Amino acid sequence: MSEEQALADAHARITDYRSRIQTLDGNAADLMFREARNHNAWQDKEVSDDKLREIWDLMKYGSTSANTLPARLIFIRSAEAKERLKPCLMPANADKTMAAPVTALLAYDLEFFTDFAKLYPIRPEMADMYSSDPARAEKFAFQQSSLQGAYLIMAIRAVGLDAGAMGGFNTDAADAEFLGGKNWKSNFLCNIGYGDLEGIKGPRLYRYGFDEVCDII
Ligand SMILES: Cc1cc2nc3c(=O)[nH]c(=O)nc-3n(C[C@H](O)[C@H](O)[C@H](O)COP(=O)(O)O)c2cc1C
């Protein structure tokens with residue numbers, strides 16, 4: 001396909017989907033945001049490989065700076081892998097994580113810049129900015145993978161599952177246990193499954209109203 005054709009095709013796709021959908025309907029907004037809760041207990045129902053692939057196939061479209069996609073995911077499901085995760089967890093997060101059908105370890109690749117030519121072919125030289133400055137690369141990878149973590153939570157909800165995100169774990173221990181031999185670091189964990197109401201111990205907590213935290217200038 002020529003460059004002009006590819007551009008015309010990209011414009012046609014945007015025109016097409018915008019003619020089909022303008023906003024999330026109320027049910028979709030409830031599923032993704034207004035009624036969605038962070039879950040702490042799980043129904044005895046498996047999460048298939050296909051579901052995990054569906055999650056990635058949605059979250060990968062979330063924007064990242066220069067399309068760098070520095071997040072990496074390890075889906076911890078087997079009993080053996082869960083046992084390896086257990087000592088890394090804060091006690092308060094242990095039982096619910098061991099009971100979850102799957103726990104995603106969201107990590108970030110400190111050498112994400114090696115794929116610039118594939119992911120951002122319009123400016124592959126941007127890789128140098130990061131390869132020459134590891135501290136800058138790490139800050140960027142953490143920031144951008146955190147965004148992808150938010151997309152992960154939203155994708156889990158979008159495919160009809162529930163998410164239980166957790167920062168409460170020893171990242172150094174998880175790095176040593178799961179990321180050995182890779183130049184990756186742990187960001188956060190997210191349990192994935194079908195939530196059980198047993199784990200919801202109270203009503204939705206307060207959220208700031210617009211006027212409390214937003215300015216229009
Ligand atoms: C990145 C992230 C890390 C979190 N870490 C933990 C955690 O370690 N343990 C825990 O019980 N909840 C954790 N939570 C859950 C939040 O406390 C919860 O989402 C918040 O209290 C709001 O509840 P709601 O999402 O049900 O409205 C985390 C949530 C996110 C998004």
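## Strand β2 and its surroundings

Strands β2 and β4 run antiparallel and are joined by eight bridges; strands are DSSP runs of E with at least two residues, helices are runs of H or I with at least four residues, and both are numbered from the N terminus. Two strands pair if DSSP finds at least two bridges between them. The model is predicted: local features need pLDDT of at least 70, side-chain atom pairs count only at pLDDT 80 or more, and totals for chains, interfaces and linings use all residues. Residue numbers start from 1 along each chain as its sequence is written.

β2 is also antiparallel to β1, with six bridges between them. One bridge partner from each neighbouring strand is listed below.

| Residue in β2 | Partner | Partner strand |
|---|---|---|
| L105 | I74 | β1 |
| L106 | F188 | β4 |

Eight of the eight residues of β2 are buried, where buried means 20 or more other C-beta atoms within 10 Å of the residue's own, exposed means 12 or fewer, partly exposed lies in between, and C-beta atoms are placed from the backbone. In a regular strand the side chains alternate between the two faces of the sheet. In β2, V102, A104, L106 and Y108 point one way, while T103, L105, A107 and D109 point the other way.

The largest nonpolar core has 38 residues, and A104, L105, L106, L152, I156, C190 and I192 have the most contacts inside it. Such a core is a set of buried Ala, Val, Leu, Ile, Met, Phe, Trp, Tyr and Cys residues joined through C-beta atoms within 7 Å. At least two core residues come from each of α3 (49-59), β1 (71-76), β2 (102-109), α7 (127-131), α8 (134-158) and β4 (184-193). The largest share, seven residues, is supplied by α8.

Beyond its neighbours within four places in sequence, C190 is in contact (C-beta atoms, placed from the backbone, within 7 Å) with A104, L106, L152, I153, A163, G164, A165 and M166.

A165 and M166 are also among the residues around the ligand, as are R37, N38, N93, G167, G168, F188, R204 and L205; a residue is near a molecule if its C-beta atom, placed from the backbone, lies within 6 Å of it.

A81 lies in helix α4 (residues 79-85). A81 counts as partly exposed because it has 16 C-beta neighbours inside 10 Å. The C-alpha atoms of A81 and F178 are separated by 9.1 Å, although the two residues are 97 residues apart along the chain.

Methods:
Contact = placed C-beta atoms within 7 Å.
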